Structures are given as structure tokens and as C-alpha cells.
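Let's take a walk through this structure together, one feature at a time. Keep the sequence and the 3D view side by side as you read.

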Amino acid sequence: MPDRSWLWFGAWALIGGGYALALATLLSIGVFVLALTAGATAWLASRRGSPVGLPGALSGPALPLLWIAYLNRGGPGTVCTGTPEGSSCTDEWSPWPFLGAGVLLLAAGLVLFLVVRRRLARRRLQAGVGANGGTGAGRNVPPGPGSWGTAEM
């Protein structure tokens, strides 16, 4: 069985990003994004094996935060750009708080995911289940105590 834990992490990260986007756009399209994300959460939670990627929901809100940091990369303050018609000026926030929070959430989710993934792999090894789902019988397993041959005396 292939290891799909990174796919589960990515799916849960999209869910977390959806909730962050719903919160950020609550006064416009946020209600619709929230409904869609809640439905996707119910569907994803019902899938077997998906809980291993749940820390992705912690990393997911990093995506909108990093996007906001990128959009405000010229700030803080008034930023003017030249256009064919003249110039355009906008007020931008400081990108650093958004960048810091985004990097922190992304790193925390990744670290938590790697810890959970390692613990799950360790439990599988202790239970005797190999990477392919087998018990390991027939591969470098010594024979049982009753099957040792006795030397003739």
C-alpha cells in the first residue's frame, strides 16, 4: 500500500486554508466559502486514513496569510505604481506580521505532521506490520523454538 500521508496533509491544509479564507472574507463571500469548506471537512473526515494528515489544517491558514504578505510587500504606507494612464497609489500594511504568522503556522503544522507520521510508523513496526501491510513472516524470521533440529548423540 503506498504512503498517502502527504496527500492527506495537503488535503487538510486546503481545508484549513478554506476556513481562514472564509474568516477573512466573512462580509462578502465568506459564508459560501464556509459552507463549501464545512462540506469538504465532513467528506474528508469520513475517509479512512485521513487523520494522519490532520496537522495540515494547522498549516492551511498559512496560505492566505502568506498571500496577504505578498500583496503588501511594498508596505507599510502609501505605495504608488506607474500605469499607462498615470499613476496609482494604495495604502498597504506591513507584510511582516502576516509573513511571520504564516511561516509559524506552516512550520508548526509540518513539525506536528512529521511527529505524528513517525509515531504511526513506529507503532506499525512494533505491531509487526511491514510497509506493505504484511506481518513480515518469511523474511529473516528465525524458526520457532519447536522447529530446531536435535543433533544425534
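A good place to begin is the disulfide that joins Cys80 to Cys89, with a distance of 2.0 Å from S to S. Please bear in mind that you are looking at a predicted model. The structure holds one disulfide, so a reminder of the chemistry may be welcome: a disulfide is a covalent bond between the sulfur atoms of two cysteines. Which hand does the disulfide of Cys80 and Cys89 have? The torsion about its S-S bond is about 105°, and the disulfide is therefore right-handed. Both partners are partly exposed by their accessibility: Cys80 has a relative accessible area of 48%, and Cys89 has a relative accessibility of 44%.

Now step back to the overall plan. Five helices and two strands make up the secondary structure of the protein. Read from the N terminus, the elements follow the order α-α-α-α-β-β-α. Of the 153 residues in the protein, 25% are buried. The exposed surface of the protein comes to about 11,000 Å², and carbon and sulfur atoms supply 68% of that area. Contacts across the sequence tell their own story: when contacts between residues at least 6 apart in sequence are taken, 65% of them join residues at least 24 apart.

The record adds another layer to this picture. In an unreviewed entry, UniProt places the feature "transmembrane region" at residues 12–45, 52–70 and 96–116. How do the spans from the record look in the model? Residues 12–45 are 85% helix and 0% strand, and the end C-alpha atoms of this span lie 9 Å apart. Residues 52–70 are 68% helix and 0% strand, with end C-alpha atoms 30 Å apart.

Let's turn to helix H4, which covers residues 62–71. Which residues are buried in this helix? They are Ala62, Pro64, Leu65 and Ala69. Because these four cover an arc of only 165° around the axis, they sit on the same side of H4. As a general background, an α-helix has 3.6 residues a turn, so residues three or four places apart point the same way. And what do the buried residues of H4 pack against? Their partners are helix H1 (5–24), helix H3 (56–59) and helix H5 (96–127).

Helix H1 deserves a visit of its own, starting with Ser5, which has its place in this helix. Is Ser5 buried or exposed? With a relative accessible area of 4%, Ser5 is buried. Apart from its neighbours within four places in sequence, Ser5 is in contact with Val52, Gly53, Phe113 and Arg117.

Phe113 brings us to the aromatic rings. A pair of aromatic rings is described by the distance of the centres and the angle of the planes. The structure holds five aromatic pairs. In one of them, the rings of Phe9 and Phe113 have centres 4.8 Å apart and planes at 40°, so this pair is tilted. The pair links distant parts of the chain, since Phe9 lies in helix H1 and Phe113 in helix H5, 104 residues apart. Both rings belong to buried residues: Phe9 has a relative accessibility of 8%, and Phe113 has a relative accessibility of 0%. Another pair is formed by Trp93 and Phe98, with ring centres 5.7 Å apart and planes at 15°, so this one is stacked. Trp93 is exposed, at a relative accessible area of 57%. Returning to Phe9 and Phe113, ring pairs link these two and Trp6 into a cluster.

We can finish on helix H5, with two residues that come after Phe113. Leu114 has its place in H5 and is partly exposed at 42% relative accessibility. Its C-alpha atom is separated by 9.8 Å from that of Trp6, although the two residues are 108 residues apart along the chain. Val115 also lies in helix H5, and its relative accessible area of 36% makes it partly exposed. From Val115 to Pro55 the separation is 60 residues in sequence and 9.9 Å in space, C-alpha to C-alpha.

How values were computed:
Residues numbered from 1 in each chain as written. Predicted model: local features only at pLDDT ≥ 70, side-chain atom pairs only at ≥ 80, totals over all residues. Heavy atoms only, no water. UniProt positions renumbered as here; feature names shortened; annotations may be inferred. Buried < 20%, exposed > 50% of the residue type's maximum accessible area, 1.4 Å probe, protein only. Contact = heavy atoms within 4.5 Å. Areas by Shrake-Rupley, 256 points an atom, 1.4 Å probe, with all protein chains shown as cover. Disulfide = S-S within 2.5 Å. Arc of directions from axis to C-beta. Phe/Tyr/Trp six-rings, centres within 6.5 Å; stacked < 30°, edge-to-face > 60°.
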